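Subject: Structure handover

Hello,

Here is the structure I said I would pass on. My notes on what was found follow below it.

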Amino acid sequence: MKAKRLPSLLLSTSLLLIAAVRAGAHCDTMNGPVIKDAQAALAAGKVTGVLKWVRPQDEREIKGLFEQVLAVRKQGEPARTLAERYFFESLVRIHRAGEGAPYTGLKPAGHVEPVIAASDKALDQGNVDELIERITKHIAEGIRQRFQTALKTKQHFGDSIEAGRVYVRAYVDFMHYMEGLHVAAEGPTDAHSESSPQASSSPQKEQTDEH
């Protein structure tokens, strides 16, 4: 890869990684976008606001659950709390299933990775420049660190079998990292597939030991 292509690669990779991770990274937190929409929907008594988080084939199940929860909420505060929690968990579980991701339960508010918080901030402010600078700097540092390690160990890989193995580990780590960046940069810009509106594209191929 030519040096002059590096900035565009980092930019493309940064945006794709953010798009891929954003859809599911904090959808299972109590202050994430899915739960916020669910709370608003329950307050308004209208399910429409949460349907975008599930696949078309899952709409019927969500609508049914929503109507049940609305009915149970009228039975007092304990019932209201349990019913809402059940709806939140069911909605997130179905949303995650649509992404092809496991459901591991609802996380407490504030359980958000820094990059996701920064992504939300960029959307709120309507400006992505700071986020791009932050992510591309992180990726560039990752490349440099792995490159320098591989280069340093390469100089001594012939000294012994163990030195050779140290080099191979550094080499594989460097190549897998670069391969992942390339796959992300060349991948689709839409984080969701046509078959599943919530299915995020993987930013990195499954690592193998082919190197």
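Of the 211 residues in the protein, 36% are buried. Please keep in mind that this is a predicted model. The exposed surface of the protein comes to about 12,900 Å², and 55% of that is supplied by carbon and sulfur atoms. The secondary structure consists of 7 helices and 0 strands, so the order of elements from the N terminus reads α-α-α-α-α-α-α. If you take the contacts between residues at least 6 apart in sequence, 65% of them join residues at least 24 apart.

Helices α3 and α4

The pair of helices I looked at is α3, residues 59-72, and α4, residues 77-99. Their axes come within 9 Å and cross at roughly 170 degrees. An angle over 145 degrees counts as roughly antiparallel, and α3 and α4 are therefore roughly antiparallel to each other. On the α3 side, the contact is made by E61, I62, L65, F66, V69 and V72. On the α4 side, the residues are A79, R80, A83, E84, Y86, F87, S90, L91, R93 and I94. Sorted by type, the residues of this contact are 11 nonpolar, 1 polar and 4 charged.

Salt bridges

Side chains of opposite charge can pair when their charged atoms come close. With a cut-off of 4 Å between a side-chain nitrogen of Lys or Arg and a carboxyl oxygen of Asp or Glu, the count is 10 salt bridges. Three of them are described here.

One is between D37 and K52, whose closest N and O atoms are 2.8 Å apart. This pair links distant parts of the chain, as D37 belongs to helix α2 (residues 33-44) and K52 to the loop between α2 and α3, 15 residues apart. How accessible is D37, and how accessible is K52? D37 has 22% relative accessibility and so counts as partly exposed, while K52, at 53%, counts as exposed.

Another joins R73 and E84, with 2.9 Å between the closest N and O atoms. Here too distant parts of the chain are linked: R73 is in the loop between α3 and α4, E84 is in helix α4, and the two are 11 residues apart. Are R73 and E84 buried or exposed? R73 counts as buried because its relative accessibility is 15%, and E84 is buried as well, with a relative accessible area of 16%. E84 is also one of the α4 residues in the contact with α3, as is R80. R73, R80 and E84 are linked in a network of salt bridges.

The third is within helix α4, where the side chains of R96 and E99 meet at 3.6 Å, N to O. R96 and E99 are 3 residues apart in that helix, which means that about one helical turn separates them. Both R96 and E99 are buried.

A loop residue

D28 lies in the loop between α1 (6-25) and α2. Its relative accessibility is 7%, so D28 counts as buried. Which residues does D28 touch, leaving aside those up to four places away in sequence? The list is V92, T104, G105, L106 and K107.

Regards

Notes. Residues are numbered from 1 along each chain as its sequence is written. This is a predicted model: local features need pLDDT of at least 70, side-chain atom pairs count only at pLDDT 80 or more; totals for chains, interfaces and linings use all residues. Side-chain values use heavy atoms; hydrogens and water are left out. Axes are lines fitted to C-alpha atoms, for helices over the stretch in contact, and angles run from 0 to 180 degrees between N-to-C directions. Helices (H or I, at least four residues) and strands (E, at least two) are DSSP runs, numbered from the N terminus. Angles under 35 degrees count as roughly parallel, over 145 as roughly antiparallel, 65 to 115 as roughly perpendicular and the rest as oblique. Contact means heavy atoms within 4.5 Å. Ala, Val, Leu, Ile, Met, Phe, Trp, Tyr, Cys and Pro count as nonpolar, Asp, Glu, Lys and Arg as charged, and the others, Gly among them, as polar. Buried means under 20% relative accessible area, exposed over 50%, partly exposed in between (1.4 Å probe, protein chains only). Accessible areas come from the Shrake-Rupley method with a 1.4 Å probe; for residues, only the protein chains shown count as cover.
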